[in-house]
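Biologist: Pick one part of this and take me through it slowly, please. I'd like to know what sits where, and which cut-offs lie behind the words you use.

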Amino acid sequence: MRVDQLRRVVFRSSDARLLALAAILLSALPGWAEPVAGSLPAQWNIGANDCAASPQPPLQVHTYEPQTFILRQSPCASFEANFIYLLIGSDKALLIDTGAVADPKAMPVAKTILELLPDKDHKKLPLLVAHTHRHLDHRAGDPQFASLPSVQVVPFDLERVRAFFGFTAWPNGIAHVDLGGRTVDVIPTPGHNQTHVAFYDNRTGILFSGDFLLPGRLLIEDAAAYRESALRVVEFLKTRPLIHILGGHIELNAGGRAYRFGSRYHPNEHPLELARADLTALPAALERFNGFYARYPNYILTNPIHNILVVVFAVLVVLGLAVFGFYRLLRRGMRRRVD
Ligand SMILES: [Zn+2]
Ligand SMILES: [Zn+2]
């Protein structure tokens, strides 16, 4: 072998070694590694036309991957049919929301979660129970966890949510929950409700979005804050993998039509998962929002307070016209009697 041939071989082998070293270093970096893959069912429990005639289990438990569980409350148990998420790390587990039903007999959330929790040092893995926001359908199950050992429930009022996660410039800044080999980022997302946060899981690349973004009605309390939140989440996820956006409810059918409010039957239900395009379209949709109602393929923007005010105003106008008409009829009748 000539000297220049030998040099080429040596160079090549050192290149290969450098590449291998770079691959090892990259795989050891936190956060941006390839997300762990999982699966979602084609159809969740859709409730029933007649819940009394077709009883069904209160909770549907789905294993997305061995350390990530999705629980759906049956639409028959509560029309809200909340989704609850359990993320398991090596030191701790995180439960996102406790659902819409308080009664442990009708809805055994805590019992089911404890059965899913693995043991560590001959005890159940410690559990942190947090909420996407304070609305009752996301925390009605809290009392079931209150007296359990190794369970910590995050309070739901804004002051204590901020203090617990360590937000000093709410709604700016990102908090982190370390579950051991699994970090969950907490992103303030007020707008639907002032206490709202979204959770980004670096293991699966899933954004758990609560009522901030879901295939259903996005109920807007503060449109400006909502838009700021949407921009904040878009910016945060710009450089991160985003596999799915999983919210707190499904309220649309596959054609994008909303079920009647309070419906316990969701035939041909829209998939739970939304994608990055749904999120990136949100800031502009909120900017264009007319304050009442706007339909998009995978969600509906609505302000329930404004809509109620419109209905109240319409009722008052109709009532006013009726009173006015009655008064005129009365006066005409009296004039006739005088004549
Ligand atoms: Zn809500
Ligand atoms: Zn909700």
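Modeller: Let's start with H138, which counts as buried at 0% relative accessibility (buried means under 20%, exposed over 50%, partly exposed in between, using a 1.4 Å probe on protein chains only). Some ground rules: residues are numbered from 1 along each chain, while chains are lettered from A and ligands numbered from 1 as written. The model is predicted, so local features need pLDDT of at least 70 and side-chain atom pairs 80 or more, with totals using all residues, and side-chain values use heavy atoms without hydrogens or water.

H138 gives its NE2 atom to the zinc ion (ligand 2), alongside OD of D137, OD of D211 and NE2 of H249. Those contacts run from 2.1 to 2.3 Å (donors are N, O and S atoms within 2.8 Å of the metal, 3.2 Å for Na, K and Ca, and sites may look incomplete without water). D137 is buried as well, with a relative accessible area of 12%.

What about the geometry around the zinc ion (ligand 2)? The arrangement is irregular, because the four donor atoms subtend angles of 86 to 158°. Tetrahedral needs all angles between 85 and 135 degrees; four square planar or six octahedral donors need opposite ones over 155 degrees apart and all others between 65 and 115; anything else is irregular. Along the chain, the donor residues read D-H-x72-D-x37-H, so D137 and H138 form the D-H at the start of that pattern.

Now follow D211 across to the other metal. D211 bridges the zinc ion (ligand 2) and the zinc ion (ligand 1), and the two ions are 3.6 Å apart. On its other side, the zinc ion (ligand 1) is held by H133 through NE2, H135 through ND1, H192 through NE2 and D211 through OD, again at 2.1 to 2.3 Å. The arrangement around the zinc ion (ligand 1) is irregular too, because its four donor atoms subtend angles of 91 to 170°.

In sequence, the donors of the zinc ion (ligand 1) follow H-x1-H-x56-H-x18-D. H133 sits in the loop between strand 7 (127–130) and strand 8 (151–153), and H192 in the loop between strand 10 (183–188) and strand 11 (197–201), so this pair ties together parts that are 59 residues apart (strands are DSSP E runs of at least two residues, numbered from the N terminus). H133 and H192 are both buried.

H133 has one more role in this picture: it is among the residues lining the largest cavity. A search of the whole structure turns up one cavity of 30 Å³ or more, and the largest cavity has a volume of about 50 Å³ (on a 1 Å grid, a 1.4 Å probe fits there but cannot get out, and lining residues have an atom within 4 Å of a point). Around H133, the lining includes H131, T132 and R134. The rest of the lining is V154, P155, F156, V161, F165, T195 and V197. By class, that lining splits into six nonpolar, four polar and one charged residue.

So, back to where we began: H138 is buried at 0% relative accessibility, it is a donor to the zinc ion (ligand 2), and D211 links that ion to the zinc ion (ligand 1).

How values were computed: Helix = DSSP H or I, 4+ residues; strand = E, 2+ residues; numbered from the N terminus. 1 Å grid on protein atoms, 1.4 Å probe; cavity = no way out; pocket = protein on both sides within 12 Å on 5 of 7 lines; lining within 4 Å. Points joined across faces, edges and corners; volume = space filled by probe spheres on them. Nonpolar A, V, L, I, M, F, W, Y, C, P; charged D, E, K, R; others polar.
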